[in-house]
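The following report reads a single protein chain from its helix outward, and then turns to a group of polar side chains. The sequence and the coordinates are shown first.

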Amino acid sequence: MPKNDYDDPELPFPRLEARIRLLDSETYWLQVWFHKEPGAPREVLANGKRAGNAWDAHEHLRKLKALTSARCDPDDITNAEISN
């Protein structure tokens, strides 16, 4: 789970919440949610399996961050282990 409380009005918004799960060395599952303001419902920006490695997953996240002009700090990202 992310370490941030998305209901906290002192947290700068908008921001992204992300979960990256490496499925194997060539595939990852990326889930990204957009939080427009504190306590507001989150909007799904990405939820699916993609070809690539951990670097590709973080690059995709950087593109979504630039597209939405949202913050996404390390505390907003959950990295899951490779599933076997």
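In this predicted model, the buried residues of helix 1 pack against four strands, namely strand 1 (15-24), strand 2 (27-35), strand 3 (43-51) and strand 4 (77-80). The buried residues in question are Ala57, Leu61 and Leu64. They cover an arc of only 60° around the axis, and therefore lie on the same side of helix 1. This fits the general geometry of an α-helix, in which 3.6 residues make a turn, so that residues three or four places apart point the same way. On the other side of helix 1, the exposed residues are Trp55, Lys63 and Ala66.

The length of helix 1 can be checked against its residue count: at 1.5 Å a residue, the 15 residues from 54 to 68 should span 21 Å, and the end C-alpha atoms are indeed 21 Å apart, which agrees. At the start of helix 1, the backbone nitrogen of Trp55 has a side-chain oxygen of Asn53 within 3.1 Å, while just after helix 1 the residue Ser69 takes a positive phi of about 55°.

The largest nonpolar core has 15 residues, and those with the most contacts inside it are Leu16, Leu30, Val32, Leu61 and Ile77. Strand 1, strand 2 and helix 1 each supply at least two residues of this core. Leu61 thus appears both among the buried residues of helix 1 and among the core residues with the most contacts.

For the chain as a whole, one helix and four strands are found, and along the sequence they follow the pattern β-β-β-α-β. A compact globule of 84 residues would have a radius of gyration near 12 Å, and the protein chain, with 13 Å, agrees with that expectation. The C-alpha trace spans about 40 × 25 × 20 Å along its principal axes, and buried residues make up 35% of the 84 residues. Of the contacts between residues at least 6 apart in sequence, 52% join residues at least 24 apart.

A second point of interest is a group of polar side chains. His35 is found in strand 2 and counts as buried, because its relative accessibility is 5%, under the cut-off of 20%. Arg42, by contrast, lies in the loop between strand 2 and strand 3 and is partly exposed, with a relative accessible area of 42%. Which residue has a side chain in polar contact with the side chain of His35? That residue is Glu17, and the side chain of Arg42 also makes a polar contact with the side chain of Glu17.

| Side chain | Polar partner side chain | Distance |
|---|---|---|
| His35 | Glu17 | 2.8 Å |
| Arg42 | Glu17 | 3.1 Å |

Although Arg42 and Glu17 are 25 residues apart along the chain, their C-alpha atoms are separated by 8.9 Å. Leaving aside neighbours within four places in sequence, Arg42 is in contact with Glu17, Trp33, Phe34 and His35. With residues up to four places away again not counted, His35 touches Tyr6, Phe13, Pro14, Arg15, Glu17, Ala40 and Arg42. Glu17 is therefore listed among the contacts of His35 and among those of Arg42, and His35 and Arg42 also touch each other.

Key
Residues numbered from 1 in each chain as written. Predicted model: local features only at pLDDT ≥ 70, side-chain atom pairs only at ≥ 80, totals over all residues. Heavy atoms only, no water. Expected span 1.5 Å × (residues − 1). Buried < 20%, exposed > 50% of the residue type's maximum accessible area, 1.4 Å probe, protein only. Arc of directions from axis to C-beta. Contact = heavy atoms within 4.5 Å. Polar contact = N/O pair within 3.5 Å; in protein donor to acceptor, adjacent residues only side chain to side chain. Core = buried A, V, L, I, M, F, W, Y, C linked by side-chain atoms within 4.5 Å. Rg over C-alpha atoms; globule rule 2.2 N^0.38 Å.
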